[in-house]
Amino acid sequence: MGILNLTKFLADVAPHCIKETDIKSYFGRKVAIDASMSLYQFLIAVRSEGAQLTTADGEPTSHLVGTFYRTIRLLEHGIKPVYVFDGKPPEMKGGELNKRMEKRAEAQKALDKAMEAGDQAEVDKFNRRLVKVTRHHADEAKELLRLMGVPYIEAPCEAEAQCAAMVKAGKIYATATEDMDALTFGSDIVLRHLTFSEARKMPIQEIHLKIVLQELNLSQTEFIDFCILMGCDYTDSIRGIGPKKSIELIKNHRSIEKILENIDKSKYPPPEDWNYEGARGLFVKPEISDPDSIELKWGEPDEEGMVKFLCGHRQFSEDRVRNGIKKLQKARGTSTQARLDGFFTVLGTTPAKRKADDKKNTPNKRGKLGGAGKGRGRPK
Amino acid sequence: MFEARLVNSSTFRKVLDAIKDLLNEASFDCSENGIQLQAMDSSHVSLVSLNLKSDGFDKFRCDRNLTMGMNLTSLGKVFKCSGADDTVTMKAQDYADTVTFMFESKKQDKISDYEMKLMNLDQEHLGIPDTEFSCIIKMPSIEFARIIRDLSQFGESIVISCTKEGVKFSAQGDIGTGNVKLAQTHNFDKEEESVTIDLQEPVALTFACQYLNSFTKATPLSNQVKLSMCENVPLVVEYQIPELGHLRFYLAPKIEEDEN
């Protein structure tokens, strides 16, 4: 999903673009959440004793549990979430979707086998692989969000593309997703791990597209070509070309067309009918609704509606739901803390580099700094 | 070469105590004019601005502008090693990656020196526009600290409202409400105990207690504190450091939710 190995690559090559932060520092920020991604996470992660939480009839409710509690957590921290749901998948994603279907079929087979053998660990493992977010799940989540007074948007096509467009238009601060193609779509800031459980104590990663481009020394179009080389959802990539080779090629030739003219095609055969132009088109001009036409409103939660929706048939405990709603109302009541950056202009950032860069040991500076950093700040 | 000598090392220690709640690390900018520090806390809600003038030091030399990034916890450890009456001398070479602190006891019979590693820090410089404030309140710093501490028990935020009658601090929360009103008092014998209000127009702003409480850690620096307020502008809390300069805190207000 997303762009193959991009996070790892960025952490190695452009470490400055990833900042680890705490959820507390996002108060007052409007954040777009990739809904399909988080529902999927909830369906996998929110479980008790390995089984999903279900209604009386065995319909899963894990996605609702997750949506309910994690959204409350975000609101309690003063974050204003807006959920963005996927629309129809782009035609070019067909290949990728077929692959996923095949994998599911394989997992199903493996599951049947494990069931027969009675291997519980294996059964759990393949059960998780079979998780799929259906239209029904999404509709239930939308209903819940509506009752909670949290806005959601239905993207005409890919959710990440819609999020990116809203970030670009300044409607929201960042896109929260695990899918790195939000960067390829041009979202200035991408947050990872935002909807993870508090218990996992995962710091939030904030990735800045501007710094990515600066550190890689690429333009946005070149970055898109680079991502296609790395491997995206919409088309195949060239076999035998990994992250290192990709960045080298893109830096030398600056576009896929030029790369194709210059590489040894017998050694690196490009895929047949390689539609990289189509993929690029999807990233550059994705199908989205105009961000300016979208109105975001965080309204009053509907307490009775929520109790009716969650308790009873869906077997939520009424006490817990009412408690959660109380938290929601409290979070709404408090005034928001403003930030200084809103009042004062940032004149500029001096990056963490010593001014005496002209010293002899510049070449191995990175390594040296990393080593020295650990022992810092403890005078003897 | 940078060298600064301060007979009263405890002043520097007090400055450090005042800012280390808000900042974990900070860059000290040294020039021939003195030492400056400007840094926001990690949540970007408050800003610390420290200015120590070179002529306030007993000796000051700075041949080349120098930025020293320091871990304030470590710096606190260094200053914990100093005696109350010690003289401190800070020294650093140009382009150095360490700074040395030398403490001399009053009787000159004990000299200790500590060398601390410097850090490379990202620095974000903020342009702070000059503001015509609607009201400027001067009051005893101890009184201010007391009010903030008392009202913090009632709620997470404090409303400071200033009219020509006086200044009112109020807080509300689950257990109830608290209000403290101060009227102007002129005490000509004891200037430091008076409350003065310079009012252009009435203002009321809401601030988070957590930050105000951190600011009051600067109380030992000065008898008086100056609060400057204006609608839709951050609060400025200023402590004068006698003969040496000032320590200012800026705090973004809390804003009432509009329906968006």
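Visitor: How many residue pairs are in polar contact between domain 1 of chain A and domain 2 of chain A?
Guide: The count is four residue pairs, with both partners at pLDDT 80 or more. Please note that this is a predicted model. On the side of domain 1 of chain A that touches domain 2 of chain A, helix H4 (94–117), helix H8 (181–184) and helix H9 (209–216) of chain A each supply at least two residues. The largest share of that side comes from H9(A), with four residues. Sorted by class, the side has nine nonpolar, two polar and six charged residues.

Visitor: Where do the two domains of chain A lie along the sequence?
Guide: Chain A is divided into domain 1, residues 7–216, and domain 2, residues 218–285. Taken over C-alpha atoms, the centres of domain 1 of chain A and domain 2 of chain A are separated by 27 Å. The contact between them involves 17 residues of domain 1 of chain A and 20 residues of domain 2 of chain A.

Visitor: What area is buried between domain 1 of chain A and domain 2 of chain A?
Guide: A buried area is read as a total together with its share on carbon and sulfur atoms. Here the total is about 1,700 Å², and carbon and sulfur atoms give 63% of it. On the side of domain 1 of chain A, A:Met92, A:Thr184 and A:Leu216 supply 41% of the area buried against domain 2 of chain A, more than any other three residues.

Visitor: How many salt bridges are counted between domain 1 of chain A and domain 2 of chain A?
Guide: Three salt bridges are counted between these two domains of chain A. To read such a pair, one compares its N to O distance with the cut-off of 4 Å. The side chains of A:Asp233 and A:Arg100 meet in a salt bridge at 3.7 Å, N to O. This pair links distant parts of the chain: A:Asp233 is in the loop between helix H10 (220–230) and helix H11 (243–253) of chain A, A:Arg100 is in helix H4 of chain A, and they are 133 residues apart. Over all chains, the structure holds 28 salt bridges.

Visitor: Which domains does the assignment give for chain B?
Guide: For chain B the assignment gives domain 1, residues 2–117, and domain 2, residues 135–251. The centres of domain 1 of chain B and domain 2 of chain B, taken over C-alpha atoms, are 27 Å apart. To their contact, domain 1 of chain B gives 22 residues and domain 2 of chain B gives 17 residues. Between them the two domains of chain B bury about 1,700 Å², with 67% of it on carbon and sulfur atoms.

Visitor: Which side chains meet in a salt bridge at 3.5 Å, N to O?
Guide: Those of B:Lys217 and B:Asp21 do. The count between domain 1 of chain B and domain 2 of chain B is one salt bridge. Across the interface of these domains there are also five residue pairs in polar contact, both residues at pLDDT 80 or more. Helix H1 (9–19) and strand S4 (46–53) of chain B each supply at least two residues of the side of domain 1 of chain B that touches domain 2 of chain B. S4(B) gives the largest share of that side, eight residues. By class, the side has 11 nonpolar, six polar and five charged residues.

Visitor: What pLDDT does chain A average?
Guide: Confidence is best read first per chain and then per element. Chain A averages a pLDDT of 84, and 91% of its residues score at least 70. Among the elements of chain A, strand S7 (residues 174–176) has the highest mean pLDDT, 94, and helix H16 (residues 365–374) the lowest, 39. Over residues 354–380 of chain A, pLDDT stays under 50, and the model has 26 contacts beyond four places in sequence for these residues.

Visitor: What are the mean pLDDT of chain B and the ipTM of the complex?
Guide: The mean pLDDT of chain B is 92, and 98% of its residues reach 70 or more. For the complex, the predictor gives an ipTM of 0.79 and a pTM of 0.77.

Technical notes: Residues are numbered from 1 along each chain as its sequence is written. Chains are lettered from A and ligands numbered from 1 in the order in which they are written. Side-chain values use heavy atoms; hydrogens and water are left out. Domain bounds come from an automatic or database domain assignment. Contact means heavy atoms within 4.5 Å. Buried area is the accessible area (1.4 Å probe) that two parts lose on being put together, summed over both. A polar contact is a pair of N or O atoms within 3.5 Å; within protein, one must be able to donate a hydrogen and the other to accept it, and residues adjacent in sequence count only if both atoms are side-chain atoms. Ala, Val, Leu, Ile, Met, Phe, Trp, Tyr, Cys and Pro count as nonpolar, Asp, Glu, Lys and Arg as charged, and the others, Gly among them, as polar. pLDDT is the predictor's confidence in each residue, from 0 to 100.
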